[in-house]
Amino acid sequence: MRSARCDVAIIGSGAGGGTVAQALIPLATQGRRVIVFEQGGRLEQAEFTGIETEMAESLYEDGGGFLTEEGTLSLAFGRTFGGSTAVYSGTSLVPSARVIEAWAVPGLTHEDLVSRCERHAANNGVHLLPPEQINDNNRLFREGCLGIGLEAEQFPVNVRGCRGASLCNLGCPNGAKQGTDRVQLPAAERGGVEVVTRAEVRRIGDRRLVIRVERPGPGEKGAASAWPAGEYSVEAPIVVVAGGSVGSSALLLRSGLGSALPRLGEGFTCHPALILVGEHEREITNDVGHPKSYYLDRSVEERFVLETCMYFPFVTAKNLTGFGPDHSTMMRSFRRLQMILALACDRATQGNRISVDRSGRPRVHYRFTPEVREALAAANRAAARIFFAAGALRVHAPLANPPLLARDEAARIAGRITATAFIPGKTSISAAHLMGGCGMGSSPTDSVTDSWGRVHGLPWLRIADSSLFPDSLEINPYLTVMALADRTANAVLEDAGRLLANRGTGLS
Amino acid sequence: MLGRVRRPFRALVVGFVPESADLSADEWRRGEELAERLLSGRPGRVRRQVTLLILALNLIAAARFGRTLPALDPSTRSRLLTSLQDSPLLLVRRGVWGLRTLAFLVYYGREQGRAAVGYRASASGWASRRSPGTGAGEGREP
Ligand SMILES: Cc1cc2nc3c(=O)[nH]c(=O)nc-3n(C[C@H](O)[C@H](O)[C@H](O)COP(=O)(O)OP(=O)(O)OC[C@H]3O[C@@H](n4cnc5c(N)ncnc54)[C@H](O)[C@@H]3O)c2cc1C
Ligand code: SF4
């Protein structure tokens, strides 16, 4: 095993890790060695081809289909330079006071989070797309909402020079979407922070990491790592973990921290989501233009949020219920399809958690509560009404049985769409907003860290990612992840002098 | 890996996506490569389960209808898959869901499958829809 040394190790390069990397430029400028270790590869711009199967395999963990232990929910999260920000849609929302106050994390205020979110939104070029860049798929959602007496809100998005490729979730082929791969990491590198890709942190010991650096496989996209392949022992007086909700929890668990931190892995939430489609008489612009311009927030009233979306043929096929001729007919009307993503605002629930198997690989346990099933059914009903109000001829709703609703059934939606049609293992359901596992709080009995990402009892170990959420956020999370990571980075800067001088051990 | 169960696997793919019956030998090869790639990234346990499941479905077809999957007529095959998809056993439902996912990958994961449904997203985005007289839904580029 080779040895290396740095002053600060950041594990993961997504929304959290990228933010910390940029915020720690002052340390690098002072001559401190700050390294980001990212297990995924770093692709050249030309390697973003927009081809569904090859991009999913290159950019996501398990090609975007990481299955929960129950095998009833698939999770999408990035495994690449930029983490999930390389594949996100870039919708940029600030959290609500209601949710942050309900989190009740001592020392964390809504006001502080909002001001940090706003700073990061400006850094990412967040703005509203002008009306002429909004496609029919989005326009019809807004019109449909108005048709049923509800007002959709426009998503601010973080694109610069968006050409409307509609491929955001496969990595933007135009470099227009502002993920950490485009903004924070390049800035950090210019400021002297090193980024080592294909470097998976296997274990964290006492201020020491065990890292495995891999070569690219045959035909695999992305450059080789800056470090030669092999096992490394890296000394790091400050360790910032930002491997994402699943990655960070799994890393700390396989490092043996579970007994000192009984809440580790607990409190996992993910906004489980269903895809609905409405079929129009004529072709609409759907697979061109930014895919996500509007949303309808019903989190307070009915515990769901609807968002516009547009997926690719394989993902779409997988998410429609059933198979055979009816399914094929729906797929063949692709150019006439309008799509809506229905997300449930789930709650941290006992049993929904992250663990590791004997080899240290993450396992996610997730059961759908009756509240989540009801929220999804209400979301299906609202989406169906929106489609019909927007002029759709037929609607495919996963929680209708049978799933196809004809226009003349519009008046019977309440009876046709019910939570009883939700059948785990049959209903295709997925999630991309993974949260929790290393939640913030006040002590090890209720949490893993304090509100500044300091792991209880281990002053040199910090968390800076979506795993910090003590409960679900009920909106798209990346800006809040950046705001929390920013707080973690602030605390690191504040404590750096002491931690980099003092080598006393915190681990037993 | 699918080589050992190729005939029943293809019969299942056709059951899930009827138009895959018309795929050429080359298109089948390309689609199966995609499925193999997906499976190669999964633990060995999962790969073995997929093979066993395909063999089990073949046996169930033989026991229930006196014919293996490839010899079943399309409507009987469809009835069988529907009944398994609605099984009270989670394990069975999950298995059918997994095979269905592979079938969709074989068909819609290929370039021709994407083209067959009219999917056109490309890096040039709005600019690629500028050709004159392109019909409904194409005239709104900025
Ligand atoms: C398809 C998709 C669309 C989304 N769209 C939006 C959106 O429009 N708006 C929004 O707000 N949010 C969106 N999200 C969610 C958002 O991207 C995430 O909430 C956010 O990126 C989470 O940040 P993170 O730092 O916690 O994890 P990630 O961004 O996932 O980064 C974690 C990184 O850590 C690496 N890692 C993990 N473990 C290790 C290890 N042991 N060693 C080395 N590296 C490791 C991973 O490879 C990964 O690159 C989307 C997510 C997805 C998947
Ligand atoms: S819609 Fe815009 S941001 Fe998304 S992939 Fe296309 S060019 Fe990139």
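Analyst: Let's start with a term: a polar contact is a pair of N or O atoms within 3.5 Å. Keep in mind that this is a predicted model.

User: What makes A:Glu38 a polar contact of ligand 1?
Analyst: An N or O atom in the side chain of A:Glu38 sits 2.7 Å from an oxygen atom of ligand 1. The cut-off is 3.5 Å, so the pair passes.

User: And how do you know that A:Ser84 and A:Ser89 count too?
Analyst: Same kind of check. The side chain of A:Ser84 puts an N or O atom 2.6 Å from an oxygen atom of ligand 1. A:Ser89 uses a backbone N or O atom instead, 3.2 Å from a nitrogen atom of ligand 1. Both values are within 3.5 Å, so both pairs count. As for cover, ligand 1 on its own exposes 990 Å², and the protein buries 95% of that.

User: Which residues are closest to ligand 1, and how many surround it?
Analyst: There are 39 around ligand 1, and A:Glu38, A:Ser84, A:Thr91, A:Ser466 and A:Tyr478 are the closest.

User: Why is the pair A:Arg303 and A:Glu474 called a salt bridge?
Analyst: The closest N and O atoms of that pair are 3.1 Å apart. The rule wants a side-chain nitrogen of Lys or Arg within 4 Å of a carboxyl oxygen of Asp or Glu, so Arg with Glu at that distance fits.

User: Where do those two residues belong in the domain assignment?
Analyst: Domain 1 of chain A has the segments 2-125, 164-268 and 434-499, which include A:Glu474. A:Arg303 falls in domain 2, made of 131-159, 273-345 and 369-423. The count between these domains is one salt bridge, along with twelve residue pairs in polar contact. On the domain 1 side that touches domain 2, nine residues are nonpolar, twelve polar and four charged.

User: How do you know that the two domains touch, and what do they bury between them?
Analyst: The C-alpha centres are 31 Å apart, but contact is judged on heavy atoms within 4.5 Å. By that test, 25 residues of domain 1 are in contact with 26 residues of domain 2, so the domains do touch. Between them they bury about 1,900 Å², with 53% of it on carbon and sulfur atoms. In domain 1, A:Glu52, A:Ser166 and A:Glu474 lose the most area, together 28% of what that side buries.

User: What makes B:Arg37 and A:Glu57 a salt bridge?
Analyst: Their side chains meet at 2.6 Å, N to O. That is within 4 Å, so the label holds. Chains A and B have five salt bridges in the count, plus 19 residue pairs in polar contact.

User: How many residues does the contact take from each chain, and which three in chain A supply the most buried area?
Analyst: Chain A gives 52 residues and chain B gives 45. A:Phe314, A:Phe323 and A:Arg332 supply 16% of the area chain A buries against chain B, more than any other three residues. The two chains bury about 4,300 Å² between them.

Technical notes:
Residues are numbered from 1 along each chain as its sequence is written. Chains are lettered from A and ligands numbered from 1 in the order in which they are written. This is a predicted model: local features need pLDDT of at least 70, side-chain atom pairs count only at pLDDT 80 or more; totals for chains, interfaces and linings use all residues. Side-chain values use heavy atoms; hydrogens and water are left out. Domain bounds come from an automatic or database domain assignment. Buried area is the accessible area (1.4 Å probe) that two parts lose on being put together, summed over both. A polar contact is a pair of N or O atoms within 3.5 Å; within protein, one must be able to donate a hydrogen and the other to accept it, and residues adjacent in sequence count only if both atoms are side-chain atoms. Ala, Val, Leu, Ile, Met, Phe, Trp, Tyr, Cys and Pro count as nonpolar, Asp, Glu, Lys and Arg as charged, and the others, Gly among them, as polar. A residue is near a molecule or strand if one of its heavy atoms lies within 4 Å of it. Accessible areas come from the Shrake-Rupley method with a 1.4 Å probe; for residues, only the protein chains shown count as cover.
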